[in-house]
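Could we walk through this model together? I would like to put a few questions to it, one at a time.

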Amino acid sequence: MTNKNDILNLRIPTKENPLRILMSACLTGLACGYDGTSYGKYPSALKLLNYENVKIIKFCPEEFSFGTPREMCDIYGGTGFDVLNGKAKVLTETGKDWTEGMIKASEKMLEIAKNEGVELAIMMDISAACGSQVIYSRNRFAENKVYQIGAGVSAAQLIKNEFKVISQRDFASLEILYSKIDPNHIATENLKDHHETEWYKSYFKV
Ligand code: SF4
């Protein structure tokens, strides 16, 4: 898991040599969500679009393989890593097998990350493609929906290939990032990354 030290160790970027950040496209405001929306606004991530010393690369893996709008999908039998290892599947809400398309999309995201020399990825948590800390286990529409610790397929592909990945809910890490890129940023103390929150600790009993 990418930790705060990884963010601390990122270089100080300049306008001439911006920090290259790959973002889930919906986090940048693109309406690529399954329902044709961007799932609302996430100021913790959106603010990054305002900096000249940051280059944002946007990609939506699910749109790449399945278009928008599309069905909602979840991982059955494990996490994104298990999907990549052939041990778990991605199924849509109506039971279509999207495993192959999700793997292809993750490979495209990896190709983009390599070609662009990406230094950090910020991805939408909970998504079966982009989640990096928490995802659903099986059908999110089930009466007793269940969360699991783990990454979605595209996030897993990036992590497996040693890219740094955080989510829009990793507020402590994002705060360190803003301090790096903005000399005028006034840091807020006591922010937490998603895995440090009370909800996470109590739900997963960690
Ligand atoms: S696949 Fe990723 S980028 Fe696309 S809508 Fe879902 S969370 Fe956003």
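What follows is a short exchange about the ligand shell, the sheet, a helix pair and two backbone details.

Author: Happy to help, and first a word on the ground rules. Residues are numbered from 1 along each chain as its sequence is written. This is a predicted model, in which local features need pLDDT of at least 70 and side-chain atom pairs count only at pLDDT 80 or more, while totals for chains, interfaces and linings use all residues.

Reader: Which helix gives the largest share of the shell around the ligand?

Author: A residue is near the ligand if its C-beta atom, placed from the backbone, lies within 6 Å of it. By that rule 13 residues surround the ligand, and the closest are S24, C26, C60, M124 and C130. Helices here are DSSP runs of H or I with at least four residues, strands are runs of E with at least two, and both are numbered from the N terminus. The largest share, 3 residues, comes from helix 3 (residues 61-66).

Reader: What is the strand order of the open sheet?

Author: Two strands pair if DSSP finds at least two bridges between them. Strand 1 (residues 19-24) and strand 5 (residues 120-123) do so in the parallel sense over 3 bridges, with A121 of strand 5 as the bridge partner of L22. The open sheet has 4 strands with parallel pairing, in the order 2-1-5-8.

Reader: Which are the edge strands?

Author: An edge strand of this sheet pairs on one side only. That description fits strand 2 (54-59) and strand 8 (165-167).

Reader: Why are helix 5 and helix 6 described as they are, and what is the word for their arrangement?

Author: Axes are lines fitted to C-alpha atoms, for helices over the stretch in contact, and angles run from 0 to 180 degrees between N-to-C directions. Helix 5 (residues 99-116) and helix 6 (residues 153-160) pack at about 45°, with their axes 8 Å apart. Angles under 35 degrees count as roughly parallel, over 145 as roughly antiparallel, 65 to 115 as roughly perpendicular and the rest as oblique. Helix 5 and helix 6 are therefore oblique.

Reader: Which residue forms a cis peptide bond with T68?

Author: The omega angle of this bond is about -5°. The partner is found in the loop between helix 3 and strand 3 (73-76). The residue joined to T68 is P69.

Reader: What is the phi value of Y39?

Author: Y39 is found in the loop between strand 1 and helix 2 (43-46). Its phi is positive, in a residue other than glycine, and is near 65°.
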